[in-house]
Amino acid sequence: MKKWITALLLAAPLLAQGASPTAITIGYQKSSGLLAILKNQGTLEKAFAAQSLQIKWIEFPAGPQILEALNAGSIDFGSTGAPPPVFAQAAGIDLLYVGAEPAPVNSEAIFVPKDSALRAVADLKGKRIAFQKGSGSHFLLASALQKAGLKLGDIVPIYLSPSEARAAFVSGNIDAWVVWDPYFASAQKSYQVRVLSDYQGLPQANGFYLASRRFAEQSPKTVAALLEQVALTGQWANQHQHEVSAMLAPTMGLPIEIVETWQRRTRYGAIPVSTDIAANQQRVADLFYEQKLIPKAVSVAGKVWVWQRGGGR
(Lines give C-alpha, C1' and ligand atoms only; values in the text may rest on other atoms or scores of the structure.)
Protein backbone atom coordinates (compact mmCIF):
# COMPACT_ATOMS: atom_id res chain seq x y z
CA MET A 1 0.00 0.00 0.00
CA LYS A 2 2.73 2.50 0.96
CA LYS A 3 4.74 1.61 -2.15
CA TRP A 4 1.64 2.20 -4.28
CA ILE A 5 1.02 5.63 -2.72
CA THR A 6 4.69 6.56 -3.24
CA ALA A 7 4.44 5.62 -6.92
CA LEU A 8 1.43 7.91 -7.31
CA LEU A 9 3.19 10.81 -5.67
CA LEU A 10 6.23 10.43 -7.88
CA ALA A 11 4.11 10.19 -11.02
CA ALA A 12 1.79 13.10 -10.31
CA PRO A 13 4.17 16.02 -11.09
CA LEU A 14 4.95 14.51 -14.49
CA LEU A 15 1.29 13.93 -15.29
CA ALA A 16 0.12 17.36 -14.24
CA GLN A 17 2.58 19.48 -16.19
CA GLY A 18 0.90 22.38 -17.96
CA ALA A 19 -1.96 24.66 -17.01
CA SER A 20 -3.52 23.86 -13.68
CA PRO A 21 -6.45 25.37 -11.77
CA THR A 22 -6.09 26.25 -8.11
CA ALA A 23 -8.83 23.82 -7.02
CA ILE A 24 -10.87 20.90 -8.33
CA THR A 25 -14.34 20.26 -6.93
CA ILE A 26 -15.36 16.62 -7.25
CA GLY A 27 -18.87 15.24 -6.91
CA TYR A 28 -19.02 11.71 -5.53
CA GLN A 29 -21.41 9.16 -4.10
CA LYS A 30 -20.57 7.45 -0.84
CA SER A 31 -21.98 4.30 -2.47
CA SER A 32 -19.93 4.72 -5.65
CA GLY A 33 -16.70 3.06 -4.66
CA LEU A 34 -13.72 4.40 -6.58
CA LEU A 35 -14.06 8.12 -5.93
CA ALA A 36 -15.07 7.30 -2.36
CA ILE A 37 -11.87 5.27 -2.04
CA LEU A 38 -9.79 8.16 -3.36
CA LYS A 39 -11.44 10.52 -0.90
CA ASN A 40 -10.89 8.18 2.05
CA GLN A 41 -7.23 7.68 1.19
CA GLY A 42 -6.51 11.35 0.52
CA THR A 43 -4.65 10.20 -2.57
CA LEU A 44 -5.50 13.17 -4.77
CA GLU A 45 -4.59 15.66 -2.08
CA LYS A 46 -1.17 14.04 -1.77
CA ALA A 47 -0.67 13.61 -5.51
CA PHE A 48 -1.44 17.23 -6.37
CA ALA A 49 0.27 18.81 -3.37
CA ALA A 50 3.29 19.79 -5.48
CA GLN A 51 0.99 21.85 -7.72
CA SER A 52 -0.70 23.52 -4.71
CA LEU A 53 -3.96 22.21 -6.14
CA GLN A 54 -6.78 22.01 -3.62
CA ILE A 55 -9.22 19.08 -3.85
CA LYS A 56 -12.77 19.75 -2.69
CA TRP A 57 -15.37 16.99 -2.28
CA ILE A 58 -19.18 17.22 -2.36
CA GLU A 59 -21.31 14.15 -1.63
CA PHE A 60 -24.48 13.41 -3.63
CA PRO A 61 -27.10 10.65 -3.28
CA ALA A 62 -26.99 9.60 -6.97
CA GLY A 63 -25.72 10.44 -10.45
CA PRO A 64 -28.50 12.79 -11.62
CA GLN A 65 -27.80 15.17 -8.75
CA ILE A 66 -24.08 15.12 -9.61
CA LEU A 67 -24.83 16.27 -13.14
CA GLU A 68 -27.21 18.98 -11.94
CA ALA A 69 -24.30 20.30 -9.87
CA LEU A 70 -21.96 20.01 -12.88
CA ASN A 71 -24.40 22.10 -14.90
CA ALA A 72 -24.67 24.69 -12.14
CA GLY A 73 -20.88 25.00 -11.93
CA SER A 74 -20.80 23.66 -8.36
CA ILE A 75 -18.44 20.82 -9.32
CA ASP A 76 -15.86 20.21 -12.04
CA PHE A 77 -15.71 16.42 -12.16
CA GLY A 78 -17.71 13.38 -11.06
CA SER A 79 -18.75 9.85 -11.93
CA THR A 80 -22.13 8.28 -12.68
CA GLY A 81 -23.70 5.30 -14.36
CA ALA A 82 -24.65 5.38 -18.03
CA PRO A 83 -28.14 6.97 -17.93
CA PRO A 84 -27.55 10.23 -15.99
CA PRO A 85 -25.42 11.86 -18.71
CA VAL A 86 -28.00 10.87 -21.34
CA PHE A 87 -30.76 12.63 -19.40
CA ALA A 88 -28.37 15.53 -18.83
CA GLN A 89 -27.57 15.82 -22.53
CA ALA A 90 -31.27 15.80 -23.36
CA ALA A 91 -31.74 18.64 -20.86
CA GLY A 92 -29.04 20.68 -22.58
CA ILE A 93 -26.26 20.24 -20.01
CA ASP A 94 -22.87 20.77 -21.66
CA LEU A 95 -20.85 17.89 -20.23
CA LEU A 96 -17.96 15.83 -21.54
CA TYR A 97 -17.37 12.10 -21.19
CA VAL A 98 -13.72 12.07 -20.10
CA GLY A 99 -13.28 8.43 -18.99
CA ALA A 100 -15.14 5.16 -18.57
CA GLU A 101 -15.49 2.39 -16.00
CA PRO A 102 -16.05 -1.33 -16.64
CA ALA A 103 -19.71 -2.18 -17.21
CA PRO A 104 -21.47 -3.83 -14.24
CA VAL A 105 -22.88 -7.34 -14.61
CA ASN A 106 -24.27 -8.51 -11.26
CA SER A 107 -23.70 -5.56 -8.94
CA GLU A 108 -27.13 -4.10 -9.81
CA ALA A 109 -30.42 -5.97 -10.00
CA ILE A 110 -34.20 -6.08 -10.19
CA PHE A 111 -35.47 -8.00 -7.19
CA VAL A 112 -38.63 -8.83 -5.25
CA PRO A 113 -39.38 -10.07 -1.72
CA LYS A 114 -38.50 -13.74 -1.29
CA ASP A 115 -42.18 -14.74 -0.91
CA SER A 116 -43.41 -12.68 -3.89
CA ALA A 117 -45.56 -14.38 -6.52
CA LEU A 118 -43.57 -12.56 -9.23
CA ARG A 119 -41.19 -15.02 -10.88
CA ALA A 120 -39.97 -13.32 -14.06
CA VAL A 121 -39.51 -9.85 -15.50
CA ALA A 122 -42.62 -10.37 -17.64
CA ASP A 123 -44.62 -10.63 -14.39
CA LEU A 124 -43.81 -6.99 -13.61
CA LYS A 125 -46.49 -5.71 -15.98
CA GLY A 126 -48.75 -3.32 -14.08
CA LYS A 127 -46.62 -3.57 -10.92
CA ARG A 128 -45.15 -0.81 -8.78
CA ILE A 129 -41.38 -0.73 -9.22
CA ALA A 130 -39.08 1.62 -7.35
CA PHE A 131 -35.84 3.01 -8.77
CA GLN A 132 -33.85 6.22 -8.97
CA LYS A 133 -34.98 8.10 -12.06
CA GLY A 134 -32.16 8.63 -14.54
CA SER A 135 -29.81 6.18 -12.81
CA GLY A 136 -28.15 2.97 -14.00
CA SER A 137 -31.10 1.13 -12.51
CA HIS A 138 -33.38 2.98 -14.91
CA PHE A 139 -31.50 1.51 -17.88
CA LEU A 140 -31.33 -1.97 -16.36
CA LEU A 141 -35.10 -1.97 -15.90
CA ALA A 142 -35.76 -0.60 -19.39
CA SER A 143 -33.46 -3.22 -20.96
CA ALA A 144 -34.92 -6.13 -18.98
CA LEU A 145 -38.48 -5.08 -19.81
CA GLN A 146 -37.62 -4.74 -23.49
CA LYS A 147 -36.20 -8.27 -23.54
CA ALA A 148 -39.43 -9.49 -21.92
CA GLY A 149 -41.54 -7.72 -24.57
CA LEU A 150 -42.57 -4.86 -22.31
CA LYS A 151 -41.88 -1.14 -22.02
CA LEU A 152 -41.53 1.16 -19.06
CA GLY A 153 -45.05 2.34 -19.86
CA ASP A 154 -46.25 -1.15 -18.92
CA ILE A 155 -45.19 -0.81 -15.29
CA VAL A 156 -45.93 1.76 -12.58
CA PRO A 157 -42.64 3.59 -11.98
CA ILE A 158 -42.05 4.81 -8.44
CA TYR A 159 -39.17 7.26 -8.52
CA LEU A 160 -37.35 7.02 -5.19
CA SER A 161 -33.83 7.45 -3.90
CA PRO A 162 -32.25 4.24 -2.56
CA SER A 163 -32.97 5.14 1.07
CA GLU A 164 -36.60 5.98 0.29
CA ALA A 165 -36.99 2.83 -1.80
CA ARG A 166 -35.68 0.66 1.03
CA ALA A 167 -38.46 1.91 3.31
CA ALA A 168 -41.07 1.32 0.61
CA PHE A 169 -39.73 -2.18 -0.03
CA VAL A 170 -39.78 -3.13 3.65
CA SER A 171 -43.31 -1.78 4.11
CA GLY A 172 -44.63 -3.60 1.04
CA ASN A 173 -45.62 -0.40 -0.76
CA ILE A 174 -43.77 -1.49 -3.91
CA ASP A 175 -43.68 -4.81 -5.75
CA ALA A 176 -40.04 -4.69 -6.86
CA TRP A 177 -36.92 -2.62 -6.36
CA VAL A 178 -34.11 -1.90 -8.81
CA VAL A 179 -30.88 -0.69 -7.24
CA TRP A 180 -27.10 -0.95 -7.26
CA ASP A 181 -24.58 -2.11 -4.68
CA PRO A 182 -24.15 -1.75 -1.78
CA TYR A 183 -27.91 -1.23 -1.42
CA PHE A 184 -28.50 -4.43 -3.38
CA ALA A 185 -26.05 -6.42 -1.24
CA SER A 186 -27.64 -5.01 1.91
CA ALA A 187 -31.13 -6.04 0.76
CA GLN A 188 -29.87 -9.54 -0.05
CA LYS A 189 -28.43 -9.87 3.42
CA SER A 190 -31.35 -8.36 5.32
CA TYR A 191 -34.36 -9.64 3.39
CA GLN A 192 -33.22 -12.70 1.38
CA VAL A 193 -34.64 -11.21 -1.79
CA ARG A 194 -35.19 -13.03 -5.07
CA VAL A 195 -33.45 -11.58 -8.15
CA LEU A 196 -35.47 -11.36 -11.37
CA SER A 197 -32.68 -9.89 -13.48
CA ASP A 198 -29.24 -8.33 -13.42
CA TYR A 199 -27.24 -7.35 -16.51
CA GLN A 200 -26.47 -10.96 -17.44
CA GLY A 201 -27.73 -11.48 -20.99
CA LEU A 202 -28.64 -7.80 -21.42
CA PRO A 203 -26.90 -4.89 -23.14
CA GLN A 204 -24.29 -3.63 -20.73
CA ALA A 205 -23.60 -0.01 -19.95
CA ASN A 206 -20.36 1.52 -18.71
CA GLY A 207 -20.03 3.92 -15.85
CA PHE A 208 -18.48 7.26 -16.76
CA TYR A 209 -16.23 9.98 -15.46
CA LEU A 210 -17.61 13.34 -16.53
CA ALA A 211 -16.31 16.88 -16.50
CA SER A 212 -17.62 20.30 -17.31
CA ARG A 213 -16.49 21.54 -20.71
CA ARG A 214 -14.93 24.58 -19.05
CA PHE A 215 -12.75 22.46 -16.77
CA ALA A 216 -11.71 19.97 -19.47
CA GLU A 217 -10.88 22.60 -22.09
CA GLN A 218 -9.09 24.99 -19.75
CA SER A 219 -7.08 22.34 -17.90
CA PRO A 220 -6.69 19.22 -20.06
CA LYS A 221 -3.41 18.20 -18.39
CA THR A 222 -5.06 18.32 -14.99
CA VAL A 223 -8.01 16.23 -16.21
CA ALA A 224 -5.59 13.65 -17.60
CA ALA A 225 -3.61 13.62 -14.34
CA LEU A 226 -6.81 13.17 -12.36
CA LEU A 227 -7.88 10.24 -14.53
CA GLU A 228 -4.45 8.62 -14.23
CA GLN A 229 -4.77 8.73 -10.46
CA VAL A 230 -8.25 7.22 -10.65
CA ALA A 231 -6.98 4.46 -12.94
CA LEU A 232 -4.11 3.57 -10.61
CA THR A 233 -6.44 3.50 -7.63
CA GLY A 234 -8.79 1.20 -9.55
CA GLN A 235 -5.97 -1.24 -10.24
CA TRP A 236 -5.07 -1.32 -6.57
CA ALA A 237 -8.71 -1.65 -5.41
CA ASN A 238 -9.35 -4.63 -7.69
CA GLN A 239 -6.47 -6.46 -6.02
CA HIS A 240 -7.23 -5.43 -2.41
CA GLN A 241 -10.94 -6.03 -1.95
CA HIS A 242 -10.71 -6.76 1.78
CA GLU A 243 -8.74 -3.59 2.47
CA VAL A 244 -11.24 -1.57 0.44
CA SER A 245 -14.12 -3.15 2.34
CA ALA A 246 -12.51 -2.38 5.70
CA MET A 247 -12.01 1.22 4.58
CA LEU A 248 -15.53 1.85 3.28
CA ALA A 249 -17.64 -0.09 5.80
CA PRO A 250 -17.26 2.42 8.70
CA THR A 251 -17.90 5.46 6.50
CA MET A 252 -21.04 3.87 5.09
CA GLY A 253 -22.29 2.45 8.38
CA LEU A 254 -22.55 -1.03 6.88
CA PRO A 255 -21.33 -4.42 8.14
CA ILE A 256 -18.08 -5.36 6.45
CA GLU A 257 -19.58 -8.57 5.01
CA ILE A 258 -22.09 -6.52 2.98
CA VAL A 259 -19.35 -4.27 1.64
CA GLU A 260 -17.23 -7.32 0.80
CA THR A 261 -20.13 -8.81 -1.21
CA TRP A 262 -20.27 -5.54 -3.14
CA GLN A 263 -16.53 -5.46 -3.73
CA ARG A 264 -16.37 -9.08 -4.93
CA ARG A 265 -18.70 -8.31 -7.83
CA THR A 266 -17.30 -4.89 -8.70
CA ARG A 267 -14.46 -4.10 -11.09
CA TYR A 268 -12.96 -0.65 -10.92
CA GLY A 269 -11.02 1.26 -13.50
CA ALA A 270 -10.70 4.37 -15.61
CA ILE A 271 -10.07 4.01 -19.33
CA PRO A 272 -10.46 6.30 -22.36
CA VAL A 273 -13.91 6.39 -23.94
CA SER A 274 -13.28 4.24 -27.01
CA THR A 275 -15.42 4.16 -30.13
CA ASP A 276 -17.04 0.94 -28.89
CA ILE A 277 -17.81 2.41 -25.46
CA ALA A 278 -19.30 5.52 -27.07
CA ALA A 279 -21.41 3.27 -29.31
CA ASN A 280 -22.67 1.36 -26.25
CA GLN A 281 -23.61 4.65 -24.62
CA GLN A 282 -25.39 5.73 -27.79
CA ARG A 283 -27.52 2.57 -27.53
CA VAL A 284 -28.50 3.64 -24.01
CA ALA A 285 -29.52 7.05 -25.34
CA ASP A 286 -31.41 5.56 -28.27
CA LEU A 287 -33.39 3.20 -26.02
CA PHE A 288 -34.44 6.05 -23.76
CA TYR A 289 -35.49 8.14 -26.78
CA GLU A 290 -37.44 5.25 -28.33
CA GLN A 291 -39.32 4.81 -25.06
CA LYS A 292 -39.98 8.58 -24.88
CA LEU A 293 -38.02 8.96 -21.65
CA ILE A 294 -36.03 11.87 -23.05
CA PRO A 295 -37.56 14.66 -25.17
CA LYS A 296 -35.03 14.55 -27.99
CA ALA A 297 -32.39 12.31 -29.50
CA VAL A 298 -28.84 12.96 -28.31
CA SER A 299 -25.43 12.26 -29.82
CA VAL A 300 -22.76 10.81 -27.54
CA ALA A 301 -19.78 10.94 -29.93
CA GLY A 302 -19.66 14.73 -29.97
CA LYS A 303 -19.33 14.83 -26.19
CA VAL A 304 -16.34 12.48 -25.89
CA TRP A 305 -13.12 14.05 -24.64
CA VAL A 306 -9.99 12.42 -26.04
CA TRP A 307 -7.85 11.24 -23.14
CA GLN A 308 -4.33 10.23 -24.02
CA ARG A 309 -2.71 8.43 -21.09
CA GLY A 310 0.20 10.36 -19.66
CA GLY A 311 -0.52 13.56 -21.48
CA GLY A 312 -4.11 14.61 -21.84
CA ARG A 313 -5.78 15.81 -24.99
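Reader: Let me start with charge. How many positive and negative side chains does the protein have, and how far apart do the centres of the two sets lie?

Author: Counting takes Lys and Arg as positive and Asp and Glu as negative, leaving out His and the chain ends. Each charge is placed at NZ of Lys, CZ of Arg, CG of Asp or CD of Glu. Here you get 29 positive and 22 negative side chains, and their centres are 1 Å apart. One caution: this is a predicted model, where local features need pLDDT of at least 70 and side-chain atom pairs count only at pLDDT 80 or more, while totals for chains, interfaces and linings use all residues. Also, residues are numbered from 1 along each chain as its sequence is written, and side-chain values use heavy atoms, without hydrogens and water.

Reader: What secondary structure does the protein have?

Author: Helices (H or I, at least four residues) and strands (E, at least two) are DSSP runs, numbered from the N terminus. In this protein they come to 13 helices and 10 strands.

Reader: Which radius of gyration does the protein have?

Author: The radius is taken over C-alpha atoms, and the globule rule is 2.2 Å times the number of residues to the power 0.38. For 313 residues a compact globule would come out near 20 Å, and the protein's 19 Å agrees with that. Its C-alpha trace spans about 60 × 45 × 30 Å along the principal axes.

Reader: How much of the protein is buried, and how much area does it expose?

Author: A residue is buried under 20% relative accessible area, exposed over 50%, and partly exposed in between (1.4 Å probe, protein chains only). By that rule, 56% of the 313 residues are buried. Areas come from the Shrake-Rupley method with a 1.4 Å probe, and for residues only the protein chains shown count as cover. The protein exposes about 12900 Å², with 51% of it supplied by carbon and sulfur atoms.

Reader: Back to the charges. How many salt bridges are there?

Author: Side chains of opposite charge can pair when their charged atoms come close. The test is a side-chain nitrogen of Lys or Arg within 4 Å of a carboxyl oxygen of Asp or Glu. This structure holds 5 of them. Take Asp76 and Arg214, which meet at 2.5 Å, N to O. Asp76 sits in the loop between helix H4 (63-72) and strand S3 (77-80), and Arg214 in helix H9 (residues 213-218), so the pair ties together parts 138 residues apart in sequence. Asp76 is buried at 9%, whereas Arg214 is partly exposed at 42%.

Reader: Which residues are linked in a network of salt bridges?

Author: Asp94, Arg213, Glu217 and Lys303. In one pairing, Asp94 meets Lys303 at 2.8 Å, N to O. That pair links distant parts of the chain, 209 residues apart: Asp94 is in the loop between helix H5 (83-90) and strand S4 (95-101), and Lys303 in the segment after helix H13 (275-290). Asp94 is partly exposed at 37%, while Lys303 is buried at 18%. In another, Glu217 bridges to Arg213, with the closest N and O atoms 3.1 Å apart. Both lie in helix H9, 4 residues apart, about one turn of the helix. Glu217 counts as exposed at 52%, and Arg213 as partly exposed at 24%.

Reader: What does Ser186 touch?

Author: Contact means heavy atoms within 4.5 Å. Ser186 touches Arg166, Leu254 and Ile258, leaving aside residues up to four places away in sequence. Ser186 belongs to helix H8 (residues 183-191) and is buried, at 5% relative accessible area. Across the protein, residues 24 or more positions apart account for 79% of the contacts with a separation of 6 or more.
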